[in-house]
Amino acid sequence: MDFLKIFRRRTDPIFLYNSNKSGYELLNEGLLFEETNTFLKWGTAIEELSNKNQVRKERRSDRTIYRWGEQTILSGLRLDLSTIYWDHQAVNDVKRLNSIGFWSIGDKEAEKHLERISSHLEEKLGLPVRKEIDKQDVSLEWRIKEIKLSINYFERHAYKLHFQIEKTW
């Protein structure tokens, strides 16, 4: 009975999103890529997401990296996003989207991104709920319901910055 299909709930983990809600308001449910209005639902199998979206999958010796490309998120923040799954942390065979992040390596680049990302988040969300500064290392964290947004800036042979959006369930 095909006429009943209009009553079925849409369960597609990636879809074009049309709403007046901002990426921050949607963040507890998933991540909105603003330029394409593509919405990624948290907890969806990463292989399903990568097959439906243009994701570049890289296999390294100890991890698998899913590269989402440059995307605009969180009301105008443009970053080259990726999701990393470490082999030693595999809980089960199905890897689910629980986090997405951005890396910058290099003294001047990392410092530039620290300033740009932290200023953007402070403008939109206010001061971080956790702020730790130890010599040159900086750790900042914001919370929106079950979502943790964190910035870690640290030195290991060169300065590095890691920004991550993570569903904490």
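In the predicted model, helix α3 has a buried side formed by A110, H113, L114, I117, S118, H120 and L121. These residues lie on the same side of α3 because they cover an arc of only 160° around the axis. Each has under 20% relative accessible area, the cut-off for burial. The face turned away from this buried side carries exposed residues, namely K108, E115 and E123. Helix α3 spans residues 107-125, 19 in number. From first C-alpha to last it reaches 27 Å, close to the 27 Å expected at 1.5 Å a residue.

Strands β5 and β6 run antiparallel and are joined by ten bridges. One pairing links E70 with D80 in β6. The two strands form a hairpin, with three residues between them. In the turn, L74 has a positive phi of about 50°.

Both strands also contribute to the largest pocket. This pocket holds about 430 Å³ of space. Its lining comprises 21 residues, of which S82, I84, W86, W103 and H162 are the closest to the centre. At least two lining residues come from each of β5 (63-73), β6 (77-86), β7 (99-105) and β11 (159-167). Strand β6 supplies the largest share, seven residues. By chemical class, the lining of the largest pocket divides into eight nonpolar, seven polar and six charged residues.

Note on methods
Residues are numbered from 1 along each chain as its sequence is written. This is a predicted model: local features need pLDDT of at least 70, side-chain atom pairs count only at pLDDT 80 or more; totals for chains, interfaces and linings use all residues. Side-chain values use heavy atoms; hydrogens and water are left out. On a 1 Å grid over the protein atoms alone, a cavity is a set of points where a 1.4 Å probe fits but cannot get out, and a pocket is an open set with protein on both sides within 12 Å along at least five of seven lines; lining residues have an atom within 4 Å of a point. Grid points are joined across faces, edges and corners, and a volume is the space filled by probe spheres set on the points. Helices (H or I, at least four residues) and strands (E, at least two) are DSSP runs, numbered from the N terminus. Ala, Val, Leu, Ile, Met, Phe, Trp, Tyr, Cys and Pro count as nonpolar, Asp, Glu, Lys and Arg as charged, and the others, Gly among them, as polar. Two strands pair if DSSP finds at least two bridges between them. The expected span of a helix is 1.5 Å times one less than its number of residues. Buried means under 20% relative accessible area, exposed over 50%, partly exposed in between (1.4 Å probe, protein chains only). The arc is that of the directions from the helix axis to the C-beta atoms.
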